[in-house]
Amino acid sequence: MTNTDLINKFYTGFAEGDSNKMAECYHKEVVFKDPAFGTMKGERANNMWKMLMSKKTADFNFSFGNVESTPETGKATWTAEYQFGDKKRPVVNNVTANFKFKDGLIIEHIDTFDLYKWSKQALGAPGFLLGWSNFMRKKIQKNANDNLDTYLSK
C-alpha cells in the first residue's frame, strides 16, 4: 500500500464512520496534533477518533481531497460540516492535514485549521469575542480532552 493509499484509507474510514479502519492506518506510537485537542499520542489519538465517530449524526457531511505523498510525508485537505453543542450551531471546518510515515503507517498527523473561525461558528458570541485568544484555545482544548476522558471512563 502506498502512502497515498494509506491516507485515502484513513479518510474513507472517516467518511464511513469507521474508527477501526482509521486506527489501522496509525502507528502504535502516532503523534496527533490539532488546535482543538492539542497533542495526543498513541492509543489516545485513536480513542479521540472513536469518540468523534460515536457522536456522528445524520447531518454530518465530510469530504476530503488533494491527497499527496512522498515516501516520508503526505498531506490532504478535508472539510467537515456539522452542528456543534447543545445549541446545534452549524460549523463548516476546513482542515489541512500533514503526515509523516514510519513502517508503512502514519506516525505523525497534524491537522491545522483556523480556530478563531471555528470558535465563532461553534461557540457564538464567546467565540467571536475571545476565540482568537490563548485563553480560549486552552479552554477549548481542556473541554475537548475532558470530553475524551469522560468517553473513556464509560
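The exercises below, each with a worked solution, explore a predicted model.

**Exercise 1: helix α3**

Compare the reach of helix α3 with the span expected for its residues, and find out which of its residues are buried and what they pack against.

*Solution.* Begin with the extent of the element: helix α3 runs over residues 43–54, which makes 12 residues. From its first C-alpha to its last, the helix reaches 16 Å, and this is close to the 16 Å expected at 1.5 Å a residue. Next, look for the residues of α3 that are buried, which are A45, N46, N47, M48, W49, M51 and M53. Finally, follow the contacts of these buried residues, which pack against the helices α1 (3–16), α2 (19–23) and α6 (134–153) and also against the strands β1 (26–34), β2 (38–41) and β6 (105–112).

**Exercise 2: an aromatic pair**

Decide whether the rings of F62 and W78 are stacked, edge-to-face or tilted, and state which strands the two residues lie in.

*Solution.* The model holds 19 aromatic pairs. In the pair of F62 and W78, the ring centres are 5.7 Å apart and the planes stand at 45 degrees, so the pair is tilted. As for position, F62 lies in strand β3 (residues 61–69) and W78 in strand β4 (residues 73–84), so the pair ties together parts that are 16 residues apart in sequence. To judge burial, recall that the cut-off is under 20% relative accessible area. F62, at 17% relative accessibility, therefore counts as buried, and W78, at 8%, counts as buried too.

**Exercise 3: the largest pocket**

Describe the largest pocket by its volume, by the residues that line it and by the elements that supply them.

*Solution.* The space in the largest pocket comes to about 1100 Å³. Its lining is made of 36 residues, and those nearest the centre are L52, K55, Y82, F84 and W118. Sorted by character, the lining has 22 nonpolar, six polar and eight charged residues. At least two lining residues come from each of β1, α3, β4, β5 (89–102), α4 (115–123) and α6, and α6 gives the most, with six residues.

**Exercise 4: the surroundings of E81**

Work out whether E81 is buried, partly exposed or exposed, and list the residues it touches beyond four places away in sequence.

*Solution.* First place the residue, since E81 lies in strand β4. Its relative accessibility is 36%, so E81 counts as partly exposed. Leaving aside residues up to four places away in sequence, E81 touches D59, F60, N61, V91 and V92. For a sense of distance, E81 and G42 are 39 residues apart in sequence, and their C-alpha atoms are 27 Å apart in space.

Note on methods: Residues numbered from 1 in each chain as written. Predicted model: local features only at pLDDT ≥ 70, side-chain atom pairs only at ≥ 80, totals over all residues. Heavy atoms only, no water. Helix = DSSP H or I, 4+ residues; strand = E, 2+ residues; numbered from the N terminus. Expected span 1.5 Å × (residues − 1). Buried < 20%, exposed > 50% of the residue type's maximum accessible area, 1.4 Å probe, protein only. Contact = heavy atoms within 4.5 Å. Phe/Tyr/Trp six-rings, centres within 6.5 Å; stacked < 30°, edge-to-face > 60°. 1 Å grid on protein atoms, 1.4 Å probe; cavity = no way out; pocket = protein on both sides within 12 Å on 5 of 7 lines; lining within 4 Å. Points joined across faces, edges and corners; volume = space filled by probe spheres on them. Nonpolar A, V, L, I, M, F, W, Y, C, P; charged D, E, K, R; others polar.
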